[in-house]
Amino acid sequence: MVFSLPENVMKLWDAWNVRAFVILSLLAQVFLTLFAPLRKRLGGKWGICVRMLIWLVYLLADWVAGLTVGFILSNQLRSPANSGDIQTFWAPFLLLHLGGPDTITSFALEDNEFWVRHLLGLILQVGSTLYVFLMSLPDNKLWLPTLLVLIASIIKYAERNRAFYIASFDHFGKTWVPVEAGLLIPKQFKKLGPAGSRPDGSAYLPYPPAVEEDNIGPSFAGSDPKSILQAAVYLFGTIRSPLLGSFLSESQSAKGSANFRSKNEDCFAKDALQKMEIQLSLLYEALHTKLPVIVSKTGYVSSILNLGCLFGAFLSFSLVKKHYELGEFDAWLTYGLLIGALTLDFISVILLVFSDWFVIANLHILGYLPNLASRLETRFVKRHRWSNKVPQLNFITFSVKHHPIWLKTLVTFLPVSLIEAIKVLRCLSSQNFGEHLQHRRSIFRDVDYVLEDERLAFQENMLDAEEELSFSKMLLIFHIGTELSIQEEDFLRSSSGSSDNDIKICKLIADYMLYLMMMEPATMATVSNNWEKVFKDTYEHTLSILGRSSVSNEKDARDILSANIDNHKREDLVASTLPEAQDLAKNLKNGTYGWTSLRADWVFLMCYAARKCRPNVHSQQLSKGGELLTFIWLCMANCSM
């Protein structure tokens, strides 16, 4: 039996399928243009929701535009008289939408690696649209505006494919130009050096270095906005090597480290974070937007040509429409497409002018605006570039959190992994890292100490070789031990002699590292060799203790777990780390093991995880609001590690 839709439904579909999908395609472009830039600034639960929505719209936009071109072609082949010139005019707009907004080319790094597939898509879609246009000739009264939009759409689609190509792993940085021995920077930044000197003859970034300190390079180690900006751009030129997994020369490493470290020790954390924010923002724009393509002479010309074609199409259609019979809805829809395309391009130009890539590429112009230079540099350095959120996930909270009634009813229908993922999301929280200057200063100073400590290599080798006490076990022992020890903060402050800052930093890193293990497993893939077994046994061991007391809140759970120390593991829970964590908590309480030592160990574990994480995984975090772990990795890279 063949199923068929009612005739009135089929008529409605034939009349509105193209119109509905054209509107949907335009709305998708509006959404991506406005909201795609937010994904690198949003963290926490809202950030996850927004990124998920952007991902769905990103996939929908390409699918809808390609499908609608197919509908138009099918209508034209089936009934040329009924399809009309207006649908032929709409086809190039769909190709324009396939070119996508300038604010997002790839959603993930993998999209860049498929640049060949996108190139084939460009050829096929341009061929289909061109075929639709040629089929309408010579009777097409809208041939001129159609041709103008077709030219603009090919330009936009070609820019997107070019962006995919230069951001792919094999070609990233190949278009960069040398400015000194061993250092490459994007060719758009070349004018910052001697070639783009100021009216007084000086260069904004003196390449090769004009001032030497101990023969290691330029002295951009000041805390003023200009020095921070200069150091960040210089350091961005060195980011290609660690990103691709290669090493800098010894002299280049020394120069990078000298530019990264601030002369003022008290300002190191703030300055370091600002330099890394600029570095990572430039990297995000290089990997996920059209800015490296647009910010160039060719890009400026193509953008002007694109706007000119769209404006010409608008004027041409307005003149031809007076002599062309067109339904009122189709007329409004066409004007909507034209005005929408012009408005989105205008918004893209505004976003382009305020982007980090464009501003830095044109910094040499500041030489002609001496009165505004200092003010612009200060505003630029203080710009908000990442979420400043450090996600938090607590083991005790996860253990006592129960499924809501609505979720319990779905347990039989949904996979266990999805149910657990929902539970983890319900336990998530976040700390605002940007507001706690003392925390930032302490963490980055500790990272600096870890890098200078000669024991680092020995500890890493020992942790690599150790099988009984793996990274997964150590992380969970420290996490639970930290949590069990902070139930009475007043007691801890007085008995341990540690500052409140030590306790809060340990808590911050402990919950953050567990979040990475549970929600960002890719960042921990190289160190989480037996994580699932360790977590499962520890979780079940914890539930077996808490279950006997029907605990429903975190404070009672901590009290019970601290009081019920059980060193005898069940045979089926041999990987449980709960007894070791209870011993650690006991030592913290009686002062045998201090909070300052625990803080140093937490920073070491975080540095170890950052170094072991693959560079491309760090790059993937840029479009997710940024990760503290990525900043730690970049801090180590900038410090020649």
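Among contacts (heavy atoms within 4.5 Å) in the chain between residues at least 6 apart in sequence, 81% join residues at least 24 apart. This is a predicted model, in which local features need pLDDT of at least 70 and side-chain atom pairs count only at pLDDT 80 or more, while totals for chains, interfaces and linings use all residues. Residues are numbered from 1 along each chain as its sequence is written, and side-chain values use heavy atoms, with hydrogens and water left out.

The chain is built with 29 helices and four strands; helices (H or I, at least four residues) and strands (E, at least two) are DSSP runs, numbered from the N terminus. Of its 641 residues, 53% count as buried, where buried means under 20% relative accessible area, exposed over 50%, and partly exposed in between (1.4 Å probe, protein chains only). The accessible surface adds up to about 29,000 Å², and carbon and sulfur atoms hold 61% of that; such areas come from the Shrake-Rupley method with a 1.4 Å probe, and for residues only the protein chains shown count as cover.

Now for confidence. The average pLDDT (the predictor's confidence in each residue, from 0 to 100) is 78 for the chain, and 75% of the residues score at least 70. Helix α6 (residues 143-167) does best with a mean of 93, whereas helix α22 (residues 489-496) sits lowest at 46. Two stretches also stay under 50: residues 194-202, with 15 contacts beyond four places in sequence, and residues 206-218, with 26 such contacts. Where pLDDT is low, the predicted coordinates should not be read in detail.

On to the inside. A nonpolar core is a set of buried Ala, Val, Leu, Ile, Met, Phe, Trp, Tyr and Cys residues joined through side-chain atoms within 4.5 Å. The largest one has 109 residues, and Phe 471, Met 513, Trp 602 and Ile 632 touch the most other members. Helix α23 (residues 500-519) gives the most to this core, chipping in twelve residues. Leaving aside residues up to four places away in sequence, Trp 602 touches Leu 475, Phe 478, His 479, Thr 482, Cys 506, Ile 509, Ala 510 and Met 513. There is also a second, separate core of 39 residues, with Trp 90, Leu 95, Phe 133 and Ala 313 among its members.

Helix α26 (residues 578-590) makes a handy example. Its 13 residues reach 19 Å from first C-alpha to last, close to the 18 Å expected, a figure that is 1.5 Å times one less than the number of residues. Leu 578, Pro 579, Ala 581, Gln 582, Leu 584, Ala 585 and Leu 588 are buried in α26. These buried residues pack against α21 (471-485), α24 (531-546), α25 (554-563) and α27 (595-612). Right after α26 comes Gly 591, with a positive phi near 85°.

A few single residues round things off. Gln 87 lies in helix α3 (residues 80-98) and counts as buried because its relative accessibility is 6%. Beyond residues up to four places away in sequence, Gln 87 touches Val 18, Arg 19, Ile 72 and Asn 75. Leu 119, in helix α5 (residues 115-135), is partly exposed, with a relative accessible area of 37%. The C-alpha atoms of Leu 119 and Tyr 157 are 9.3 Å apart, though 38 residues separate the two along the chain. Cys 309 is buried at 7% relative accessible area, and Cys 613 is buried at 3%. The structure holds zero disulfides (pairs of cysteine sulfur atoms within 2.5 Å).
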